[in-house]
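Student: Could we go through a structure together, asking how each label is earned?
Tutor: Gladly; let us put the values beside the cut-offs.

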Amino acid sequence: MAASEEMSSLFPIFILSVLGLFVVPWTIYRLGRAARRQGRNLHCHCSLCAKSPKYQVSLWRKLGRFSTCSNITLVFLWILMIFLVYYIKLSARESQPFEPFSILGLEPNASDSEIKKAYRRLSVQYHPDKNPDPEANAYFVDYISKAYQALTDPVARENFAKWGHPDGRQGLKMGIALPWFLLNINGATGGIILLGLVGFGILLPLLIAVVYLSRSSKYTGNYIMHQTLSSYYYLMKPSLAPSKVMDVLIRAAEFVEIPVRRSDEEPLQKLFVVVRSELNLDPKNLKQEQAKFWKQHPALVKTELLLLAHLTRSSADVPAGLASDFARIIQLTPRLLEELMKMALAARSANGHGWLRPALGVMDLSQSFFQAVTLNSRKGSDRASLMEGSAAFMQLPHFDDSVHKKLTRKKVRTLQEFRDLKMDERKELLSTLAGFSQGQIVDVEEVLDMIPTVTIDVTCGTEGEEFVQEGDAVTMRAWISVKRGNGLTAAYAHTPYYSNVKEEGFWVLLGDASANSVWVHKRITFMDEAAAISSASKAAQESLEGKGAEESEVKKAVSEAVKRVKEGSRLVTGMFEAPEEGTYNLTAFCLSDCWLACDKKVSVKLRVSKKVRPAVATKALSAAVDEADEDGVEDEEEIDEEVVEDESGSEYSEDEEDTKGEMNGEDSKHK
């Protein structure tokens, strides 16, 4: 028993070592992350955002931010480690090495008479004849007697001087870092411990595996249901009208699973009256249109009405009984919009091209969702100039349709024209024309300083070749630059009607508008500067090394790339296979997922010559295409492609007016 207790004393040291291996790095990571967040003030400071709960830092909010499961677990582990350190230190005090002079209370150079005198004094105190206490008896036999013997008996003293113990050399002791109850297994206790080990070591991992597999069979890695991806893939059509994107979005399985209670009928009827103007019902057949709307799946009706309540900024009109469902829908929508965008860009042709028109429609809905503006307010937008008309003004604080109409009378028709005015001119317009107070004007200027100005510089070519020929792996390099009035590069978007903090995202597309195809696509953010520097440096180095450039040229190109990133630019690269011989008028888009009137597009002319040499970098292209396919659609192989190929006659196809408005202004491809 004593031996097992001595070995089990190593168990706390073992546990402390294991905990320290991941608690200390985890703490350093959390502290560094908190320091970075504290040092960055990237959100808007207008009065609307200041009142928003997502930016308010009250005492309870601070406690709420700290009282996360991760932080509480970390604090608990540190408390456990401190307790283990104290316990180990206390155990070390109890197991002091054998020191005879210290036991007798003497100095190391004490004489024989002093040793005998001290022994007699301690014998009176601890001898069994003088003190009946069993602990005193044990202390006298194990310590006092052996200490006196080690200092008086010649053999014992020689053993102590040579081996550190009066009994001579002690054997090497090996310990096992396990608690004592695992070292003394017998009887019923052993059976219980064995069952516990089996349960913890076998059944618990098996249970976790079953839960994981059952969840993974239902959800993708992005926590999107497989059924949702199948629905989106089937409903996504090349001619999907922007006004029909909402109808596809609400058919997510996550929305269908939201329960519809009998008590929801009356609140939904009231909400229908509030948002009816946004349902685009035919006024000539209003009753039939309303009846058709209510005949849909109840979950679809509920989801669409709650989404329209958000787009019309009527969240205050949402009844209390629907508040939890409303919050759930707002929480799910950003993730679903991103997956819907990936479905629009998924490879649908032999060349691996996606569809441009549906992708632009998804971005329109994404911008409208985060800024809480209606889709009907964007009907007057001009995609050719990428200006959003009245909808773009609605993202400015204190603006409404009446203010926009007053500005229009003063020949200020677009947000860009409003931004181009001098600050004094804007102040005069807002104060005299719209009746804004000084505080409201400050709010407008604050948001204008947050809105990014995007520029895009795109080049396409074959690495190491002067011209592009059929079958080459063409590399697209696009430098995306962002400038703001407040000097920030990365920022959180001004989204006062969205309940969470929104990190800006941009989709970079290279496509052929006349063919409704997307050749290259990639989503970027401006938050992680270190990753952007690494990516740009690697791309510049590989590009020049492939051309056989000298080391000095490579270093210069890398330093220039790093400088551009630090100044607010990001490098986006992509590869595609050169088509057949001809001249292609492509368009490069940089689309914001949350800002209106910030999108940018440039024309890119690609000349492809006839094949006169072996194709370049075919393997690199195939690898890039495979990676893009994996990133875009994870479960494409599970979808019935024979059904998807039927792209005609969909209820979500564009109408004649949408076709004319979208396709007439685009350049044609010339071969």
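The conversation below goes through burial, salt bridges, surface and annotated spans in this predicted model.

Student: Why is Thr27 called buried?
Tutor: Its relative accessible area is 13%, and buried means under 20%, so Thr27 meets the rule. Thr27 sits in helix 2, residues 11-39.

Student: What makes the pair Thr27 and Trp78 a polar contact?
Tutor: The side chains of Thr27 and Trp78 come to 2.8 Å. The limit for N or O atoms is within 3.5 Å, so the pair qualifies as a polar contact. Leaving aside residues up to four places away in sequence, Thr27 touches Leu74 and Trp78.

Student: How do you know that Leu365 is buried?
Tutor: Leu365 has 3% relative accessibility, to be set against the cut-off of under 20%; therefore Leu365 counts as buried. Leu365 is part of helix 19 (residues 356-371). Beyond residues up to four places away in sequence, Leu365 touches Val245, Met246, Leu249, Leu337 and Leu375. Leu365 and Leu375 are ten residues apart in sequence, with 7.3 Å from C-alpha to C-alpha.

Student: What makes Asp325 and Arg261 a salt bridge?
Tutor: Their side chains meet at 2.7 Å, N to O. The rule asks for a nitrogen of Lys or Arg within 4 Å of a carboxyl oxygen of Asp or Glu, so this pair passes. The pair links distant parts of the chain, 64 residues apart: Asp325 is in helix 18 (residues 323-345), while Arg261 is in the loop between helix 14 (253-256) and helix 15 (265-275). Asp325 and Arg261 also belong to a network of salt bridges with Asp264 and Lys302.

Student: Why is Asp325 called buried, and why is Arg261 called partly exposed?
Tutor: Asp325 has 7% relative accessibility, and buried means under 20%, so Asp325 is buried. Arg261 has 33%; partly exposed lies between under 20% and over 50%, so Arg261 takes that label.

Student: How do you know that Lys342 and Glu339 form a salt bridge?
Tutor: The closest N and O atoms of Lys342 and Glu339 are 3.7 Å apart, and the limit is within 4 Å, so the pair counts. Because Lys342 and Glu339 are three residues apart in helix 18, about one helical turn separates them. Lys342, at 12% relative accessibility, counts as buried, and so does Glu339 at 5%.

Student: What makes Glu445 and Arg426 a salt bridge?
Tutor: The side chains of Glu445 and Arg426 meet at 2.9 Å, N to O; with a limit of within 4 Å, the label therefore holds. The pair links distant parts of the chain, Glu445 in helix 24 (residues 438-450) and Arg426 in helix 23 (residues 423-433).

Student: Why is Leu207 called exposed?
Tutor: Leu207 has 52% relative accessibility, and exposed means over 50%, so Leu207 is exposed. Leu207 lies in helix 11 (residues 187-216). With Phe200, Leu204, Ile208 and Val211, Leu207 makes a nonpolar surface patch of about 510 Å².

Student: Which residues does UniProt list as "transmembrane region"?
Tutor: The unreviewed UniProt entry lists residues 12-32, 69-88 and 188-213. In the model, residues 12-32 are 100% helix, with end C-alpha atoms 29 Å apart. Residues 69-88 are also 100% helix, with the end C-alpha atoms 28 Å apart.

Conventions:
Residues numbered from 1 in each chain as written. Predicted model: local features only at pLDDT ≥ 70, side-chain atom pairs only at ≥ 80, totals over all residues. Heavy atoms only, no water. Helix = DSSP H or I, 4+ residues; strand = E, 2+ residues; numbered from the N terminus. Buried < 20%, exposed > 50% of the residue type's maximum accessible area, 1.4 Å probe, protein only. Polar contact = N/O pair within 3.5 Å; in protein donor to acceptor, adjacent residues only side chain to side chain. Contact = heavy atoms within 4.5 Å. Patch = residues over 30% accessible without salt bridge, like charges linked within 9 Å, V, L, I, M, F, W, Y side chains within 5 Å. Areas by Shrake-Rupley, 256 points an atom, 1.4 Å probe, with all protein chains shown as cover. UniProt positions renumbered as here; feature names shortened; annotations may be inferred.
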